Amino acid sequence: MNYQESTKELLHYIADYDMPCRTLQQNMFECTRGELGVLIYLIEEKDGAHARDISQKLNVNTSRVAALLNTLSNKGYIIRCPDENDKRKIRVFITHEGKAYADARREEVEKYMSHLLYELGEEDAMNFIRIMKRMTHIMQNG
């Protein structure tokens with residue numbers, strides 16, 4: 001296999017079909033590292049979380065987390081409370097509105113991804129998931 005030619009073909013294809021790729025990428029980013037990612041993380045953290053915890057869990061720098069938290073707070077999706085154990089720290093909690101929004105958005109994204117996998121068919125969908133897992137492992141471990 002000529003990997004360089006295959007790379008050129010893939011990049012050309014992505015450039016020609018930028019919109020579907022961008023939509024998929026935005027949905028995946030939003031679920032893992034955007035507002036929705038923060039909300040999903042906070043749903044799982046019943047006792048709330050510090051911004052530093054969110055930053056580490058989502059692998060996002062603290063300034064990005066601060067911006068996300070400000071946006072989510074302005075929308076009424078989170079509240080910030082002083083930490084009971086250390087009043088200098090702030091603990092972030094999801095609100096009922098935030099949970100409802102996160103649940104609805106997660107359902108939309110899952111429905112979209114489920115449709116894509118269905119259209120691929122069982123074998124291609126399984127191969128796609130396997131390859132994505134392998135690519136992620138390679139990127140994380142060099």
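These legends go with a set of close-up views of one predicted model.

**Figure 1. The whole protein, from one end of the sequence to the other.** Before zooming in, let's get our bearings. This predicted model contains seven helices and two strands. Walk along the sequence and you meet them in the order α-α-α-α-α-β-β-α-α. Of the 142 residues in the protein, 25% are buried. How many of the contacts between residues at least 6 apart in sequence join residues at least 24 apart? The share is 50%.

**Figure 2. Helix α3, tucked inside.** Here is a helix that doesn't see much of the outside. Nine of the 10 residues of α3 are buried, so the rest of the structure largely encloses this helix. Which ones are the buried residues of α3? They are Glu35, Leu36, Gly37, Val38, Leu39, Ile40, Tyr41, Leu42 and Ile43. A handy rule for looking at any helix: an α-helix has 3.6 residues a turn, so residues three or four places apart point the same way.

**Figure 3. The largest nonpolar core.** In soluble globular proteins, nonpolar side chains tend to be buried together. In this model, the largest nonpolar core brings together 19 residues. The ones with the most contacts inside the core are Val38, Leu39, Leu42, Ile54, Leu69, Leu72 and Ile78. Three elements each give two or more residues to this core: α3 (35-44), α4 (51-58) and α5 (62-74). Which element supplies the largest share? That's α3, with seven residues.

**Figure 4. Ile54 and its neighbours.** Now zoom in on Ile54, one of the core residues with the most contacts inside the core. If you skip its neighbours within four places in sequence, Ile54 is in contact with Val38, Tyr41, Leu42, Ala49, Asn59, Val65 and Leu69. Three of those names may ring a bell: Val38, Tyr41 and Leu42 are among the buried residues of α3.

**Figure 5. Asn59 and Lys57, out in the open.** Asn59, one of the contacts of Ile54, sits in the loop between α4 and α5. Is Asn59 buried or exposed? Its relative accessibility is 59%, so Asn59 counts as exposed. The backbone has a little surprise here. Most residues other than glycine have a negative phi. Asn59 isn't a glycine, yet its phi is positive, at about 60°. Lys57, in helix α4, also counts as exposed because its relative accessibility is 55%. Lys57 is 19 residues away from Val38 in sequence, and their C-alpha atoms are 9.3 Å apart in space.

**Figure 6. His50 and its partner Asp83.** His50 is found in the loop between α3 and α4. Being in a loop doesn't put His50 out in the open: its relative accessibility is 15%, so His50 counts as buried. The side chains of His50 and Asp83 are joined by a polar contact of 2.6 Å. Leaving out residues up to four places away in sequence, what does His50 touch? Asp83 is on the list, along with Lys89, Ile90 and Arg91.

**Figure 7. The second largest pocket.** Rolling a probe the size of a water molecule over the atoms shows where empty space is left. The second largest pocket holds about 180 Å³ of space. Around it you'll find Leu42, Ile43, Glu45, Lys46, Gly48, Val92, Phe93, Ile94, Thr95, His96 and Lys99. Elements that give two or more residues to this lining are α3, β2 (90-94) and α6. Which element gives the most to the lining? It's β2, with three residues.

**Figure 8. Arg105 in helix α6.** Arg105 is part of helix α6, which covers residues 96-120. Buried means under 20% relative accessible area. Arg105 has 19%, so this residue is buried. The side chain of Arg105 makes a polar contact of 2.9 Å with the side chain of Glu108.

**Figure 9. Helix α7 and the glycine after it.** For the last view, follow α7 through residues 122-141. This helix has 20 residues and reaches 29 Å from its first C-alpha to its last. That's close to the 28 Å expected at 1.5 Å a residue. What comes after α7? Gly142 follows, with a positive phi near 80°.

Key. Residues numbered from 1 in each chain as written. Predicted model: local features only at pLDDT ≥ 70, side-chain atom pairs only at ≥ 80, totals over all residues. Heavy atoms only, no water. Helix = DSSP H or I, 4+ residues; strand = E, 2+ residues; numbered from the N terminus. Expected span 1.5 Å × (residues − 1). Buried < 20%, exposed > 50% of the residue type's maximum accessible area, 1.4 Å probe, protein only. Polar contact = N/O pair within 3.5 Å; in protein donor to acceptor, adjacent residues only side chain to side chain. Core = buried A, V, L, I, M, F, W, Y, C linked by side-chain atoms within 4.5 Å. Contact = heavy atoms within 4.5 Å. 1 Å grid on protein atoms, 1.4 Å probe; cavity = no way out; pocket = protein on both sides within 12 Å on 5 of 7 lines; lining within 4 Å. Points joined across faces, edges and corners; volume = space filled by probe spheres on them.
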